Amino acid sequence: MIDWEEIACTGDEDKLKSAKLWLFQENIRLENERRELDASRDKFLDERVRFRRDLEELNRRTVQERKRLKEENLFFEKKMAILQDGFRQLEEDRKALDKQKKELSALNIRNREQEEDLLSENTVRRLFSGINNTLALRKRYRDLIKIFHPDNLFGDEELVQMINKEYLRRKEEL
């Protein structure tokens with residue numbers, strides 16, 4: 001540090017000039033530092049304003065994204081509810097269809113059995129057609145039993161039972 005009182009008291013011109021020079025240089029240095037500081041401060045304020053703007057923009061985007069995400073979640077939940085309802089309805093329809101298939105299958109089986117019974121009864125009656133006496137009935141019965149007996153190659157037990165029933169029925173009639 002410069003002792004200004006000593007320089008003022010001694011009156012030394014060289015010392016006074018060098019002190020003035022030092023003071024001038026120091027003022028310039030301080031002025032430059034103040035300018036740099038002001039520039040840094042302005043730059044800092046600009047960055048702070050930009051940062052706040054960016055932060056506000058980011059917050060606005062975040063709020064928008066959250067809102068969009070919430071709407072998408074609601075939309076997804078509605079879609080999921082629709083799909084679940086559709087799958088539930090499909091499952092109910094499938095069960096109803098399976099039930100109808102079983103009923104139809106059972107009905108078809110019954111119809112087929114009834115048709116077979118009718119065809120078999122008609123066939124058996126035709127086998128005994130034209131028989132008017134007991135002797136011819138007995139002969140036709142024996143011939144049919146020989147042909148359709150279950151022990152034969154093409155024998156059929158059900159047909160033999162129907163032949164037996166028809167034989168007994170016709171025997172009672174004659």
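Trainee: Which residues in helix 3 meet helix 4?
Mentor: This is a predicted model, in which local features need pLDDT of at least 70 and side-chain atom pairs count only at pLDDT 80 or more, while totals for chains, interfaces and linings use all residues. Residues are numbered from 1 along each chain as its sequence is written, and side-chain values use heavy atoms, with hydrogens and water left out. Contact means heavy atoms within 4.5 Å. On the helix 4 side stand L159, V160, I163, N164, Y167, R170 and K171, and they are met from helix 3 by L137, R138, Y141, L144, I145 and F148.

Trainee: How many residues of the contact of helix 3 with helix 4 are nonpolar?
Mentor: Ala, Val, Leu, Ile, Met, Phe, Trp, Tyr, Cys and Pro count as nonpolar, Asp, Glu, Lys and Arg as charged, and the others, Gly among them, as polar. By that division three are charged, one is polar and the nonpolar ones number nine.

Trainee: Why is helix 3 described as roughly antiparallel to helix 4?
Mentor: Angles run from 0 to 180 degrees between N-to-C directions of axes fitted to C-alpha atoms, for helices over the stretch in contact. Under 35 degrees counts as roughly parallel, over 145 as roughly antiparallel, 65 to 115 as roughly perpendicular and the rest as oblique. The axes of helix 3 (residues 134-148) and helix 4 (residues 157-173) come within 10 Å and cross at roughly 175°. That crossing makes the pair roughly antiparallel.

Trainee: What does the C-alpha trace of the protein chain span along its principal axes?
Mentor: The radius of gyration, taken over C-alpha atoms, is 59 Å, whereas a compact globule of 174 residues would have one near 16 Å, by the rule of 2.2 Å times the number of residues to the power 0.38. The spans are about 180 × 30 × 20 Å.

Note on methods: Helix = DSSP H or I, 4+ residues; strand = E, 2+ residues; numbered from the N terminus.
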